[in-house]
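Student: I would like a close look at a single part of this model, followed by a walk through its surroundings. Please keep the cut-offs in view, as I like to know how each term is set.

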Amino acid sequence: MKARAELVAEPGPGGTVRLPVLWSQAPLILRRTADAVYLVSGAAGPLGGDTLELVIDVRAGATLRLRTVAAAVALPGRSGQESRFTVTATVGAGARLEYLPEATVAADGARHRTQVSVRLAADATLVLRDEVLLGRHGERGGACCTRLAVDRDSAAGWRPLLRHELDISGTDAPGSGPAVLAGHRAAGTLLTVDPGAAGDRDGPAGGAVGPWVAVMPLAGPGVLVTALAHDTRTLRHRLGLLSTRRGPASGPPVPR
């Protein structure tokens, strides 16, 4: 199955957000609510062999909150085919994108790949979360690869801000070894890019915040938090440790 969804956000009157484009195909279904736009799954999956694409355009001055109503469960297909989910986002001048999906669950036997590419204007803000869980309850878990690429505009043109990839297999496979999951079932990242906090001298230093949590300041106004856990609830808590540690002066708490 191939499916595509497209979303365009622009400023509306009185600080509202207009969505001149809100177009989707099952199983990718976009629904607007009072506080956010939600991506709703219109069918099980993704199944092995599925190719899904989401295109996001947040135009200058707009704020878009995009979430999902539930976890996505990647299921095995015929002959071990891989499922793919590609997200391409553009965030314009003075705009803000919060992309906070629920976890992707790699079911036993599944092979799934997620690719997220974002282009940010120099003064754009981004909050992006990615979480992976190996297996449903009692399952060994499948294979999952996630890749995040973020480019940011500057006086010298477009420059890479982040290239991050996590490639993991089931809980008994080499991808679960000490250098990757260290026996955990859940892994996640939280990226915050906030040019307004770029001059904050009290911002986080690199290193560990607590057990199984690491913080990496980027070469630009950004911070990447990575965490491991045995379940998604603990993972979400660990990814949120940074907002508690930095305090209100460094920006709003990370939405949960």
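Student: Is cysteine 144 buried or exposed, and what is its relative accessibility?

Tutor: Happy to look at that with you. Cysteine 144 has a relative accessibility of 2%, so it counts as buried; that word means under 20% relative accessible area, with exposed set at over 50% and partly exposed in between (1.4 Å probe, protein chains only). Before going further, please keep in mind that this is a predicted model, in which local features need pLDDT of at least 70 and side-chain atom pairs count only at pLDDT 80 or more, while totals for chains, interfaces and linings use all residues. Residues are numbered from 1 along each chain as its sequence is written, and side-chain values use heavy atoms, leaving out hydrogens and water.

The neighbour in sequence is hidden too: cysteine 145 has 4% relative accessibility and therefore counts as buried. A disulfide requires two cysteine sulfur atoms within 2.5 Å, and a search of the whole structure turns up zero of them. Cysteine 144 is in no disulfide, its nearest cysteine sulfur being that of cysteine 145, 7.3 Å away. Seen from the other side, the closest cysteine sulfur to that of cysteine 145 is in cysteine 144, and no bond forms because 7.3 Å is too far.

Another buried residue is arginine 129, with a relative accessible area of 3%. Arginine 129 sits in strand E12, residues 125-134. Its side chain reaches the backbone oxygen of leucine 100 at 3.2 Å. That is a polar contact, a pair of N or O atoms within 3.5 Å; within protein, one must be able to donate a hydrogen and the other to accept it, and residues adjacent in sequence count only if both atoms are side-chain atoms.

Stepping back, the protein chain has 256 residues, of which 47% count as buried. Its secondary structure comes to two helices and 18 strands, taken as DSSP runs numbered from the N terminus (helices H or I, at least four residues; strands E, at least two).

Now for the pairing, where two strands pair if DSSP finds at least two bridges between them. Strands of a sheet pair through backbone hydrogen bonds, either parallel or antiparallel. Here, seven strands form an open sheet with mixed pairing, in the order E2-E1-E5-E8-E11-E13-E14. Its edge strands, E2 (17-24) and E14 (159-168), each pair on one side only. Within this sheet, strand E1 (residues 2-11) runs parallel to strand E5 (residues 51-58) over eight bridges, with alanine 3 opposite leucine 52 in E5.

Elsewhere in the chain, strand E3 (residues 28-32) and strand E4 (residues 37-41) run antiparallel and are joined by five bridges. A hairpin of four residues links E3 to E4, and leucine 28 has serine 41 in E4 as its bridge partner. E4 also runs parallel to strand E6 (residues 63-68), through three bridges; there, valine 37 stands opposite leucine 66 in E6.

To finish, consider a loop: glycine 80 lies between strand E7 (72-74) and strand E8 (83-91). Glycine 80 counts as partly exposed, at 34% relative accessibility. Its C-alpha atom is separated by 7.4 Å from that of alanine 110, although the two are 30 residues apart along the chain.
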